[in-house]
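Welcome! Have the sequence and the 3D view open side by side, and let us walk through this structure together.

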Amino acid sequence: LSGKLIYIVGILKDKNYEEMVKLSYPHAMAVITITPPENPRALDGYKLAEEYNKYIANVTAADSLEDAIFLARAMAGKEGNILIWGSLSYLGKMREILKMNK
């Protein structure tokens with residue numbers, strides 16, 4: 001990938017999210033964290049944002065999946081790329097939102 005790389009990431013709290021953050025942050029220009037919806041095991045997006053803030057300055061916690069997509073598209077512009085990753089539990093919902101908002 002060339003250009004800016006923006007992450008949208010949501011992780012479950014019983015995973016080793018600290019290590020995931022350490023391994024992933026060097027590749028991101030910006031990170032948008034979310035709380036995976038409708039999952040009692042979800043790590044709060046604000047807590048994940050705090051973890052990323054230890055390593056990278058451009059971190060935002062979004063209040064919804066829709067907000068995360070809106071912010072990521074604005075940050076990426078025409079030249080950037082968006083990588084949505086983390087828990088599989090919310091990726092299907094993200095796909096639906098992306099199809100509706102092309």
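In this predicted model, helix α2 covers residues 45-53, and its buried residues are G45, L48, A49, E51 and Y52. Look down the axis of α2 and you will find these buried residues within an arc of 160 degrees, so they line one face of the helix. Their cover includes the strands β1 (5-10), β2 (30-33), β3 (59-61) and β4 (81-86), along with helix α1. At the start of α2, you can also spot D44, where a side-chain oxygen comes to within 2.9 Å of the backbone nitrogen of Y46.

Y52 leads us to helix α1, since the side chains of Y52 and S24 are joined by a polar contact of 2.7 Å. S24 belongs to helix α1, which spans residues 17-24. Is S24 buried or exposed? With a relative accessible area of 8%, S24 counts as buried because that value is under the 20% cut-off. A polar atom of the S24 side chain also lies 2.8 Å from the backbone oxygen of M20. Leaving aside residues up to four places away in sequence, S24 touches Y7, Y52 and W85.

Two of those neighbours bring us to the aromatic rings. The whole structure holds 2 aromatic pairs. Y7 and W85 form an edge-to-face pair, with 5.8 Å from centre to centre and 85 degrees between the planes. This pair links distant parts of the chain, as Y7 sits in strand β1 and W85 in strand β4, 78 residues apart. Both Y7 and W85 are buried.

Y25 and Y55 form a stacked aromatic pair, 4.8 Å centre to centre with 25 degrees between the planes. Y25 is in the loop between α1 and β2, while Y55 is in the loop between α2 and β3, so the pair ties together parts that are 30 residues apart in sequence. Y25 is partly exposed at 26% relative accessibility, and Y55 is partly exposed at 31%.

Our last stop is helix α3, whose 12 residues run from 65 to 76. From its first C-alpha to its last, α3 reaches 16 Å, close to the 16 Å expected at 1.5 Å a residue. Its buried residues are L65, A68, I69, A72, M75 and A76. Seen down the axis of α3, they fall within an arc of 135 degrees, so they line one face of the helix. They pack against β1, β2, β3, β4 and α4 (91-100). On the face turned away from the buried side, α3 carries the exposed residues F70 and A74. Just after α3 comes G77, with a positive phi of about 60 degrees.

Terms used: Residues numbered from 1 in each chain as written. Predicted model: local features only at pLDDT ≥ 70, side-chain atom pairs only at ≥ 80, totals over all residues. Heavy atoms only, no water. Helix = DSSP H or I, 4+ residues; strand = E, 2+ residues; numbered from the N terminus. Buried < 20%, exposed > 50% of the residue type's maximum accessible area, 1.4 Å probe, protein only. Polar contact = N/O pair within 3.5 Å; in protein donor to acceptor, adjacent residues only side chain to side chain. Contact = heavy atoms within 4.5 Å. Arc of directions from axis to C-beta. Expected span 1.5 Å × (residues − 1). Phe/Tyr/Trp six-rings, centres within 6.5 Å; stacked < 30°, edge-to-face > 60°.
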